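I am keeping these entries while going through the pockets and then a few helices. They are in the order in which I looked things up.

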Amino acid sequence: EYDPITFNAAISACDQGSEWTKALQLLCVMVHSGVKPDTITFNAAASACEKGGEWEKVLQVFGGMAHIEVEASKITFSTAISACAKCAKWEAAVEFFRKTGQSMMELDTIAFNAMISACEKADEWEKSLQLFSAMLPMALESDAITYGAAVSAYEAGKEWEKSLQLFISMAQTTVRYNTVTFNAAISA
């Protein structure tokens with residue numbers, strides 16, 4: 001007899017092995033076997049798709065959750081945002097970002113980093129910096145990825161002075177400089 005724990009373990013293994021097609025196949029078998037997937041199931045399937053660069057499949061998984069009335073989690077939204085961002089689909093990432101606000105879901109640093117990077121890569125550097133600023137009052141922990149993306153955003157906007165100021169301000173935080181932040185500051 002099938003049970004959700006077994007399916008979740010198998011789909012999670014597919015996620016770890018970057019086997020997005022197998023993860024989706026297992027999700028289909030699960031549904032057709034009469035076993036109701038839960039948030040963990042959908043998150044693992046979406047994560048496998050995200051790792052495979054299949055942002056459209058992530059959106060389909062997200063839609064499947066709504067169809068069978070499984071509630072999305074912070075991980076679900078972060079995975080969707082990250083998948084869209086990695087594939088340069090910043091408009092889709094922004095749409096998911098808006099949906100989290102509508103669901104009163106609190107996003108984490110990973111989701112903000114993905115959004116900041118997506119906007120910066122799409123030459124939406126001002127939006128990228130707005131997101132960076134929005135993190136501060138939310139008491140989210142910025143990391144080297146956050147700062148690197150924000151420094152790069154200033155670079156994209158030809159705001160080298162602000163880029164340098166932000167880079168220097170990292171010293172006043174617990175965030176450590178890394179190769180990405182150094183390169184972003186040098187490029188600015």
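I first looked up which helices line the largest pocket of this predicted model. Helix H3 (39–51), helix H5 (74–86) and helix H7 (109–121) each give at least two residues to that lining. I noted a volume of about 390 Å³ for the largest pocket. Its lining is made up of 17 residues, and those nearest the centre are Glu50, Ser82, Lys86, Ile110 and Ala114. By class I have six nonpolar, six polar and five charged residues in the lining of the largest pocket.

Next I took the second largest pocket, with a volume of about 200 Å³. Two elements, H2 and helix H4 (55–67), give two or more residues to its lining. Which of the elements gives the most to the lining of the second largest pocket? I found that H4 does, with five residues. In the list of lining residues I have, among others, Leu24, Leu27, Cys28 and Val31, and further along Lys57, Gln60, Val61 and Gly64. Phe42, His67 and Ile68 also line the second largest pocket. I wrote down the classes for this lining as seven nonpolar, three polar and one charged.

While at H2 I checked Lys22, which lies in this helix (residues 20–32). Is Lys22 buried, exposed or partly exposed? I have Lys22 as partly exposed, its relative accessible area being 44%. I also looked up the C-alpha to C-alpha distance from Lys22 to Ala48, which is 9.1 Å, with the two positions 26 residues apart in sequence terms.

I then turned to helix H9 (residues 144–156). From its first C-alpha to its last, the 13 residues of H9 reach 18 Å, close to the 18 Å expected at 1.5 Å a residue. H9 is mostly covered, as 10 of its 13 residues are buried. I listed the buried ones, including Tyr147, Val151 and Tyr154, together with Gly148, Ala149 and Ala150. After H9 I noted Lys158, with a positive phi near 60°.

Last I looked at helix H10 (residues 160–169), where the buried residues are Ser163, Leu166 and Phe167. Why do they fall on the same side of H10? The arc they cover around the axis is only 100°, so they share one side of H10. This fits the general rule that an α-helix has 3.6 residues a turn, so residues three or four places apart point the same way. On the face of H10 turned away from the buried side I found the exposed residues Gln165 and Ile168.

Note on methods:
Residues numbered from 1 in each chain as written. Predicted model: local features only at pLDDT ≥ 70, side-chain atom pairs only at ≥ 80, totals over all residues. Heavy atoms only, no water. Buried < 20%, exposed > 50% of the residue type's maximum accessible area, 1.4 Å probe, protein only. Helix = DSSP H or I, 4+ residues; strand = E, 2+ residues; numbered from the N terminus. Arc of directions from axis to C-beta. Expected span 1.5 Å × (residues − 1). 1 Å grid on protein atoms, 1.4 Å probe; cavity = no way out; pocket = protein on both sides within 12 Å on 5 of 7 lines; lining within 4 Å. Points joined across faces, edges and corners; volume = space filled by probe spheres on them. Nonpolar A, V, L, I, M, F, W, Y, C, P; charged D, E, K, R; others polar.
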